[in-house]
Amino acid sequence: MINILLSGVSGAMGATLQQIIAANPDTQVVAGFDQQAITTLPFPVYNDLTKCTESVDVIIDFSHFAAFPAIFGFARSHKIPIVIATTGLSEADLAAIDEGAKEFPVFKTANLSLGINLIAKMLTEMVAKLESGFDIEIIEKHHNKKLDAPSGTALLLADAINDGLATKKDYTYGRYGRDAKRTENELGIHAIRGGTIPGEHSVIFAGNDEIIEVNHIALSKKVFAEGAVKAAQFLVGQAPGRYDMAMVVND
């Protein structure tokens, strides 16, 4: 049985994760972390992790980025493997992840969906054939409460594309004005926010009289919760280092 500390337990993803973890016979939530202590759940929820005494095998972090330093500091001080799904992290946070990964297992990915990571792998392999004669654009859509733009997944896909190109593209975030003509070396990234869209990503290859489009649509948050649990199971027992969803896909 894998004992999980769930960070961001009161959020929408926290609720979904509780359901997915409870349905898995090999996992259980033994503690939670949130801005406010909660007493209505079947496990203790802390707003101060120094009070946490439960035995924890792995942490899943879906919290607000402002809470990240506290949860990562706890993981690092106790050498507890951590799955980081929080987005909008600062440069200081990312530097802390790189340093911490030298001491204990750290799983960081822009998207926990198996499908998205398979698409990223496919894009890296296919773009060399489309480098000449095709303009590449990415459109991402998310719910109206998402804070960061563009999405981390859009950047993951853009980086996967650049990894497969001989000549790297420059990222252009949206376009505006009377002198916004597309340049040959651009990779456009565009963000849409509205309603309750869980997540949609489209990569468009636009050539002369030909369009190739690769799409991924998440129909619910369960996709990401299931990926987080797979990542947690993968991470337990690993050596110190950086891990991501591509490693789970290839495992």
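Pro-240 sits in the loop between helix H6 (222-235) and strand S12 (241-243). This is a predicted model. Pro-240 counts as partly exposed, at 46% relative accessibility. The protein around this loop has seven helices and twelve strands. The points below start at Pro-240, move to the aromatic pairs and buried polar residues, and end with the whole chain.

**Pro-240 and its surroundings**

- Leaving out residues up to four places away in sequence, Pro-240 touches Ala-101, Lys-102, Glu-103, Phe-104 and Pro-105.
- One of these partners, Phe-104, is buried at 1% relative accessibility.
- Pro-240 and Asn-250 are ten residues apart along the chain. Their C-alpha atoms are separated by 19 Å.

**Aromatic pairs**

- The whole structure holds four aromatic pairs.
- One of them joins Phe-72 and Phe-104, with 5.7 Å from centre to centre. The planes are 45° apart, and the pair is tilted.
- Phe-72 belongs to helix H2 (residues 68-78), while Phe-104 is in the loop between helix H3 (91-100) and strand S6 (105-108), so the pair ties together parts that are 32 residues apart in sequence.
- Phe-72 has a relative accessible area of 4% and is buried. The cut-off for buried is under 20%.
- Another pair is Phe-234 with Tyr-243. Its ring centres are 5.9 Å apart and its planes stand at 75°, so it is edge-to-face.
- Phe-234 is buried, with a relative accessible area of 14%. Tyr-243 is buried too, at 12%.
- Phe-68, Phe-72 and Phe-104 make up one aromatic cluster.

**Buried polar residues in helices**

- Asn-117 is part of helix H4 (residues 114-126). Its relative accessibility is 7%, so it counts as buried.
- Beyond four places in sequence, the contacts of Asn-117 are Thr-109, Asn-111, Leu-112, Leu-156, Met-245, Ala-246 and Val-249.
- Thr-153 is part of helix H5 (residues 152-164). It is buried, at 4% relative accessibility.
- Beyond four places in sequence, Thr-153 touches Ala-110, Asn-111, Ile-116 and His-201.
- Asn-111 therefore appears in the contacts of Asn-117 and of Thr-153, under the contact limit of heavy atoms within 4.5 Å.

**Ser-55, an exposed loop residue**

- Ser-55 lies in the loop between strand S3 (45-46) and strand S4 (58-61).
- Ser-55 is exposed, with a relative accessible area of 52%. The cut-off for exposed is over 50%.
- Apart from neighbours within four places in sequence, Ser-55 is in contact with Asn-3 and Val-30.
- Ser-55 and Gly-195 are 140 residues apart in sequence. From C-alpha to C-alpha they are 39 Å apart in space.

**Backbone features in loops**

- The peptide bond between Ala-149 and Pro-150 is cis, with omega about -5°.
- Pro-150 is in the loop between strand S7 (135-142) and H5.
- Lys-79 is not a glycine, yet it has a positive phi of about 55°.
- Lys-79 falls in the loop between H2 and strand S5 (82-84). It is partly exposed, with a relative accessible area of 42%.
- Asp-209 is another residue other than glycine with a positive phi, here near 65°.
- Asp-209 lies in the loop between strand S10 (199-207) and strand S11 (210-218). It is exposed, with a relative accessible area of 86%.

**The whole chain**

- The protein has 251 residues and a radius of gyration of 19 Å. A compact globule with that many residues would be near 18 Å, so the value agrees.
- The C-alpha trace spans about 60 × 35 × 35 Å along its principal axes.
- Of the 251 residues, 47% count as buried.
- Take contacts between residues at least 6 apart in sequence: 67% of them join residues at least 24 apart.
- The accessible surface is about 12500 Å². Carbon and sulfur atoms account for 52% of it.
- There are 21 positive and 30 negative side chains. The centres of the two sets lie 3 Å apart.

Technical notes: Residues are numbered from 1 along each chain as its sequence is written. This is a predicted model: local features need pLDDT of at least 70, side-chain atom pairs count only at pLDDT 80 or more; totals for chains, interfaces and linings use all residues. Side-chain values use heavy atoms; hydrogens and water are left out. Helices (H or I, at least four residues) and strands (E, at least two) are DSSP runs, numbered from the N terminus. The radius of gyration is taken over C-alpha atoms; the globule rule is 2.2 Å times the number of residues to the power 0.38. Buried means under 20% relative accessible area, exposed over 50%, partly exposed in between (1.4 Å probe, protein chains only). Accessible areas come from the Shrake-Rupley method with a 1.4 Å probe; for residues, only the protein chains shown count as cover. Lys and Arg count as positive and Asp and Glu as negative; His and the chain ends are not counted. The place of a charge is taken as NZ of Lys, CZ of Arg, CG of Asp or CD of Glu. Rings of Phe, Tyr and Trp (its six-membered ring) pair if their centres lie within 6.5 Å; planes under 30 degrees apart count as stacked, over 60 as edge-to-face and the rest as tilted.
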